[in-house]
Amino acid sequence: MWATPFVSPTTNMTTSVNTNRYYMTPDIETGNELIDSEHVQIFDAVNELLDACSSGHGRDKIAQTAEFLAGYVSKHFSDEERLQKKYKYPNMEKHLKFHIKYKKDVADFVSRMKTEGATVQTLGELNGLASTLINHIRHEDKRLAAYIREKS
Ligand SMILES: [Fe+2]
Ligand SMILES: [Fe+2]
């Protein structure tokens with residue numbers, strides 16, 4: 001089954017960049033308070049970075065916002081991994097593999113954002129990263145939260 005996109009990809013006529021903002025919606029709520037609140041923070045950090053890019057902020061502000069996003073993603077993944085260990089989550093290995101790869105992709109993105117700034121490519125990459133995470137939340141994080149609920 002194909003996952004429905006979180007936001008329909010609309011494009012800006014002049015730049016062809018998706019400038020949608022990201023929000024928590026009921027279909028991606030996991031029901032775990034900590035996990036959901038951290039996902040909201042991640043969306044806020046993505047939106048802040050999109051704002052920093054679209055409002056023509058300087059390279060420093062963009063770099064700082066991108067760093068914050070990477071740091072927060074990392075903190076969130078550690079929190080989820082701690083819960084997985086605590087509850088002996090059976091899908092831990094697969095979930096962890098995604099987290100590791102995603103953190104690397106975010107780190108690569110941050111360094112490109114620092115050197116290239118807000119371009120059609122880097123903004124496209126940011127939207128791609130956001131969509132990938134939303135897919136992960138929709139499937140894997142929801143599965144994790146359901147397991148925790150069942151075990152606690
Ligand atoms: Fe996760
Ligand atoms: Fe998550």
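**Figure 1. Helix 3 packs against two other helices.** In this predicted model, the buried residues of helix 3 pack against helix 2 and helix 4. Those buried residues are H95, V106, V110 and M113. The helix has 25 residues, which should span 36 Å at 1.5 Å a residue. Its end C-alpha atoms are 36 Å apart, so the two values agree. Just past helix 3 comes G117. The phi of G117 is positive, near 75 degrees.

**Figure 2. The whole protein is built from helices.** The protein has four helices and zero strands. Read from the N terminus, the order of elements is α-α-α-α. There are 152 residues, and buried ones make up 26% of them. Take the contacts between residues at least 6 apart in sequence: 68% of them join residues at least 24 apart.

**Figure 3. Confidence varies along the chain.** The mean pLDDT of the protein is 89. A value of 70 or more is reached by 88% of the residues. Residues 1-15 fall below 50 in pLDDT. Beyond near neighbours in sequence, this stretch has 14 contacts in the model. Where pLDDT is low, the predicted coordinates should not be read in detail.

**Figure 4. Helix 2 is covered by helices 1, 3 and 4, among others.** Helix 2 takes in residues 59-86, 28 residues in total. From first C-alpha to last, helix 2 reaches 41 Å. That is close to the 40 Å expected at 1.5 Å a residue. Its buried residues are T65, A66, L69, V73, H76, E80 and Q84. The cover over them includes helix 1 (33-54), helix 3 (92-116) and helix 4 (120-151).

**Figure 5. S78 is an exposed position on helix 2.** S78 sits in helix 2. It has 11 C-beta neighbours inside 10 Å, so S78 counts as exposed; the limit for that class is 12 or fewer. H99 is 21 residues away from S78 along the chain. In space, the C-alpha atoms of S78 and H99 are separated by 9.1 Å.

**Figure 6. K88 and Y89 share a loop.** K88 is found between helix 2 and helix 3, in the loop, and Y89 lies in that loop too. The phi of K88 is near 50 degrees, a positive value in a residue other than glycine. Are these two residues buried or exposed? K88 is exposed, because 9 other C-beta atoms lie within 10 Å, and 12 or fewer makes a residue exposed. Y89 counts as buried, because it has 20 C-beta neighbours inside 10 Å, and burial takes 20 or more.

**Figure 7. Y89 touches residues from elsewhere in the sequence.** Leaving out residues up to four places away in sequence, Y89 touches Q84, L144 and Y147. Y147 is 58 residues from Y89 in sequence. Their C-alpha atoms are 7.4 Å apart in space. Q84 is one of the buried residues of helix 2. L144 is one of the buried residues of helix 4.

**Figure 8. Helix 4 carries a kink.** The kink in helix 4 is about 40 degrees and is centred on I137. I137 is also among the buried residues of this helix. Others include T122, L123, L126, A130, L133 and I134. D141, A145 and I148 are also among them. The buried residues of helix 4 pack against helix 1, helix 2 and helix 3. How far should the 32 residues of helix 4 span at 1.5 Å a residue? The expected span is 46 Å; the end C-alpha atoms are 45 Å apart, which agrees.

**Figure 9. The largest nonpolar core draws on four helices.** This core has 22 residues. V46, L49, C53, L126 and A130 have the most contacts inside it. Helix 1, helix 2, helix 3 and helix 4 each give two or more residues to the core. The largest share, seven residues, comes from helix 1. C53 is in contact with I62, A118 and L123, leaving aside neighbours within four places in sequence.

**Figure 10. A second core stands apart.** This separate core has five residues. Among them are I35, Y89, L144 and I148. Y89 comes from the loop between helix 2 and helix 3. L144 and I148 are buried residues of helix 4. Y89 and L144 touch each other.

Conventions
Residues are numbered from 1 along each chain as its sequence is written. Chains are lettered from A and ligands numbered from 1 in the order in which they are written. This is a predicted model: local features need pLDDT of at least 70, side-chain atom pairs count only at pLDDT 80 or more; totals for chains, interfaces and linings use all residues. The expected span of a helix is 1.5 Å times one less than its number of residues. Two residues are in contact if their C-beta atoms, placed from the backbone, lie within 7 Å. pLDDT is the predictor's confidence in each residue, from 0 to 100. The bend at a residue is the angle between axes fitted to the seven residues ending there and the seven starting there. A nonpolar core is a set of buried Ala, Val, Leu, Ile, Met, Phe, Trp, Tyr and Cys residues joined through C-beta atoms within 7 Å.
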